[in-house]
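Biologist: I'd like to go through this one with you and ask what the labels rest on. Can you take me through them?

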Amino acid sequence: MSITPFSKHLSLFVILFFSISIISPVFAQSYFQQELKYKIEVKLDDKTHKLIANEQIVYINNSSQQLTEIWMHIWPNAYKNDKSAFAQQQLMQNQKKFARSKDQERGYIEGLNFKVNDVLVDVKLNEKFPDVVKLILNTPLNPKDSIVISTPFEVKIPESFSRLGHVDQSYQITQWYPKPAVYDASGWHPIPYLDQGEFYSEFASYDVSITLPKNYVVGSTGELQNEEEKLFLKNLSDITSKRDTFYADDNSFPKSSDTLKTLRYKQNNIHDFGWFADKRYHVLQSEVELPTSKRKVTTYVMFTNRYAQYWKNASQYINDAVYYYSLWIGDYPYNYCTAVDGALSAGGGMEYPMVTVIGSVGDNKSLDLVITHEVGHNWFYGILGSNEREYPWLDEGINSFYESRYMRMKYSDGYMIKKERHRGAVTLFGLDDFPFGYDDYLLYQYSASKGEGQAINTHSEDFTPINYGTIAYKKTAMVFKYLEQYIGVQKFDSIMQIYYAEWKFKHPQPQDIENVFERELNQDLDWFFKDYLSAKNDPDFKIRKIKKENNQIRVKVQNSSNIPAPIFIRSLDKNDSTIETLKTPAFTGNVYVYFDQNDTRKIVIDPLYIIPEQNRNNNTIRTNGLFKKNEPIDLRFIGGITKPNKTNLFFSPAVGYNKADGFMPGIALYNNVFPFKNFEWVALGMYGTKSDKFNGNLKAEHYYYPSTFEKINTTFSLYSFSTLNEENAGISNYARFFKTSIGTELYLKNSSNNKRLTRKLSYRYVFTQDELNEEANLSQVIDYSKSYIDEFNHYHQLRFSNNNNRRIQPYNYSILYELAFNSTQNLNPIIQSYNYSYHKFFAQFEQTLFNNPKSKWSFNYRLFAGTILTDNGITNENNFFNLSGSLDYTYDRAFFNRMGNQQQFYNGDASFKSNMFSQTYKSMFGVNIKVPTKIVLPIGFFADAAYASVDQNLSSADFHYDYGIYLPMIKDILEVYFPIGTSTKINNSINYTERIRFMIDLNVLQPLNLIRNIQIM
Ligand SMILES: [Zn+2]
């Protein structure tokens, strides 16, 4: 069910409806669909970018229910204001173009005056969505009866924000006319227009007359009725086909002719009507003979100069698409098929019945792919009219399966993404080794391999934007390939042809396709259609054991998931040639598979990479030798895709710098790049050219995705660098630190599918050892010659943090409790060694206000409070609350000059932007304010205020403040602060340049973190 309030009512309605139907079977409805007949007359005004139209719909009630109301979609109103579901979704997905647009760039429908059988009816507007209304019928519409709904309407065509729109005088007229929502066995389906989430419409006959200036070329749904216009297109085609050169840079519009023409289009058995008008179109007309009926279909491709170099070959693409989909599924039922080049702002292409619009393209292959995909939607959307909003896999997914089959057939050299254009990258990352289609697997693994996968059978609105593409499309394509291989291509094709024949021009639901498969195969396919399509994760198969018995090899295979699924398993000889390939039924737990012994050297699960599996590294076993499961090491430079059957290891050079160690060349070794693994580690070794010391960092992370938490992340790390290395008055000072930490973060589950909310509870133990060596001049009175201080610090940190990264007024807060046990050992007997411990509490809340997309400024405030309780009154000043940013005594951050000047700083404690050298070992609280603006330049204002109950410098309570301006170079990553005023007198020996401070978050910039945290939404 949809998450819109409508559907909540609707589901309530459905529940009521079905509970009633149990009592009185009279209410039970078998399959039916409403019948509609549209007649629309529309005129395009290309000066004001308006449509002026009249519409008449004959609505025949084929249900067994009396209807008292008709839900209508008036979708141009999706572009009317910020309240529409479309506007809200754009904002959610960080698409700010619409939110920032001016009123005159937006669109709407107006002049509506709904009549039923020529009598005005009441129209209930919708509070929540301006693009859905309800007509209240004056007299109920009885079963088998019909009414005539009529209205005039005018559409102000918006600029191109999504699908309906214009760019200058290039028009994409889609979702443009008032249209009854679907009424089916589960009731009404009123849905607002969305960019992510497609359609569900009633089948109808259309009779549409379009009036516009004579020199427009129109690509449209329906069969053109004007002979003169057909000739006009034919002539344009003759001119285009003789032409070799197109001027990609010339995209100017010719003047519109003063005379108008009216084009009439008619068509039965379609559920939508879109048209595209452009005066610049080149036209290529062609014809394709259908494989079964041998009927001929006329095809048009229409394009402007911009991508003409690719489009001039496009007749072949559209003809091939019509031919092969007809061959595999069933003949194309219409007489025309058109593809146009348009200024689409919603994905690479968009389908309408009989006409397809294609956006930007970069090469011939991708134009072929997009045309084929969109033309393919005539089958999966156009003819098999599923509810795409609710079950995107039924159209986008199955269509992607055929698109990929088409590409595989046509481009036998394989079709790894942009392979031709990015040859170097493909080789560097080792993509050559993978078969066709593996890129689909990798794409959806981006979120799946870090526990953010979603089930294929997910409502389109509930998918994250990345998962909508990689799961609803790509993963469905993979699992249908899996099903096809499981039941055999021929059988699969024949079943899909039966499904098509039985359900064409109807609304098949998921159960309907399953029923056809189960009936034709005479077997239960719930494992696929129910369990598999509803599973968030993939199954994981592994070979547990092999045993030689008589002349056979017995292989024990385990499916460690709870998703029942079959496998393909193969025995190979010493040359890796296939001996036998077997297939199991769907299973969970263990199965045994028997191979003939022959020359078998190796057993491999899923050798052709057909099963979308979580972990492929346990799919191979050798039949001889000691280490049967041992996999050879694959060492790669920089990066690459994890290879199944190999122990992957990567290395890359690394360089670092800090003032104490100097320039540091080094090397990084890591076990994984992509897809992500549940256990990953990075080891970094570096040599400090100034300190003459070896430094480094080892970090190992484990991710676990139980059902009770979003994820559990456990981290272990070792870390050591120099922090001080200088000579001062004959004394050379050297300091370094060692750090060990281990911690666990529990990410709480979110009740809704809210990916913007992160709540976690974490515990961390940190041990640090700080060493300070002072080598002094022996002539000094006090012998510091062997001053050697060691500090041992044990920290236990318990933290709760909540980060709501919503678009409007995002906020975050965190609460920290820290228990510390510290000790100091001084080898110089003159200086005392001591032990101490403390409890620290710290809380902060931060929020940004006025950050709506149109605003040129925003307001960020942070409130904080902290207190330290000591057992014996002493603490190390490193652990005090610091006025001017975090002292980072747990070494979580990288500093260029940790012990030196404090120009680099990190937010934390009182987070003062000016360097004011003040600390407290008691309580501190205050506020920070930042006002970033974009009025002229990106420049911001800051102000900080804090109260420290005992100031370390003054030994008394004190109040501090500062203010100034800053440059937000990269938000939260690189910011530079220029103080103007402070409460403390600034030391005059520091010149102004040294008072300028900066914050640079190097942790964010680590390559492996960057890969894991690409923000798509
Ligand atoms: Zn599609």
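Modeller: Sure, starting with the metal: a donor is an N, O or S atom within 2.8 Å of the metal (3.2 Å for Na, K and Ca), and water is not among the atoms, so sites may look incomplete. Bear in mind that this is a predicted model, where local features need pLDDT of at least 70 and side-chain atom pairs count only at pLDDT 80 or more, while totals for chains, interfaces and linings use all residues. Residues are numbered from 1 along each chain as its sequence is written, and side-chain values use heavy atoms, with hydrogens and water left out.

Biologist: Which residues coordinate the zinc ion, then?

Modeller: His373 and His377 each give NE2, and Glu396 is listed with two OE entries, at 1.9 to 2.8 Å. In sequence the donor residues follow the spacing H-x3-H-x18-E. His373 sits in helix α7 (residues 364-376) and Glu396 in helix α9 (residues 392-410), so to speak distant parts of the chain, 23 residues apart. Helices here are DSSP runs of H or I with at least four residues, strands are runs of E with at least two, and both are numbered from the N terminus.

Biologist: Why is the arrangement of the four donor atoms around the zinc ion called irregular?

Modeller: Four donors count as tetrahedral if all angles lie between 85 and 135 degrees; four count as square planar and six as octahedral if opposite donors are over 155 degrees apart and all others between 65 and 115; anything else is irregular. The angles here run from 52 to 156°, which makes the arrangement irregular.

Biologist: What makes His373 and Glu396 buried?

Modeller: Buried means under 20% relative accessible area, exposed means over 50%, and partly exposed is in between (1.4 Å probe, protein chains only). His373 has 7%, so it counts as buried. Glu396 has 1%, so that residue is buried too.

Biologist: How do you know that Asp368 and Lys410 form a salt bridge?

Modeller: The term needs a side-chain nitrogen of Lys or Arg within 4 Å of a carboxyl oxygen of Asp or Glu. For Asp368 and Lys410 the closest N and O atoms are 2.9 Å apart. Asp368 lies in helix α7 and Lys410 in helix α9, so the pair ties together parts that are 42 residues apart in sequence. Asp368 is buried because its relative accessibility is 0%, whereas Lys410, with 26%, is partly exposed.

Biologist: How many salt bridges does the structure hold?

Modeller: The structure holds 37. Among them, Asp440 and Lys474 meet at 3.6 Å, N to O. Asp440 is in helix α11 (residues 438-448) and Lys474 in helix α12, 34 residues apart. There is also a network of salt bridges that links Arg405, Lys481, Glu484 and Asp493.

Biologist: What makes Lys474 partly exposed?

Modeller: Its relative accessibility is 21%, so it counts as partly exposed. Asp440, at 9%, counts as buried.

Biologist: What about Lys739 and Asp892, which parts do they tie together?

Modeller: Lys739 lies in strand β38 (residues 731-747) and Asp892 in the loop between β44 (881-882) and β45 (919-920), so the pair ties together parts that are 153 residues apart in sequence. Their side chains meet in a salt bridge at 2.8 Å, N to O. Lys739 is buried at 5%, and Asp892 is partly exposed at 29%.

Biologist: Why is Ile487 called buried?

Modeller: Its relative accessible area is 15%, so it is buried. Ile487 lies in helix α12 and, not counting residues up to four places away in sequence, touches Phe492, Ile495, Phe517 and Leu521. Contact means heavy atoms within 4.5 Å.

Biologist: And what does helix α15 pack against?

Modeller: The buried residues of α15 pack against α9, α12 (465-487) and α14 (510-521). In α15 (residues 526-534), the buried ones are Trp527, Phe528, Phe529, Tyr532 and Leu533.

Biologist: Is Tyr963 buried or partly exposed?

Modeller: Partly exposed, because its relative accessible area is 40%. Tyr963 is in strand β48.
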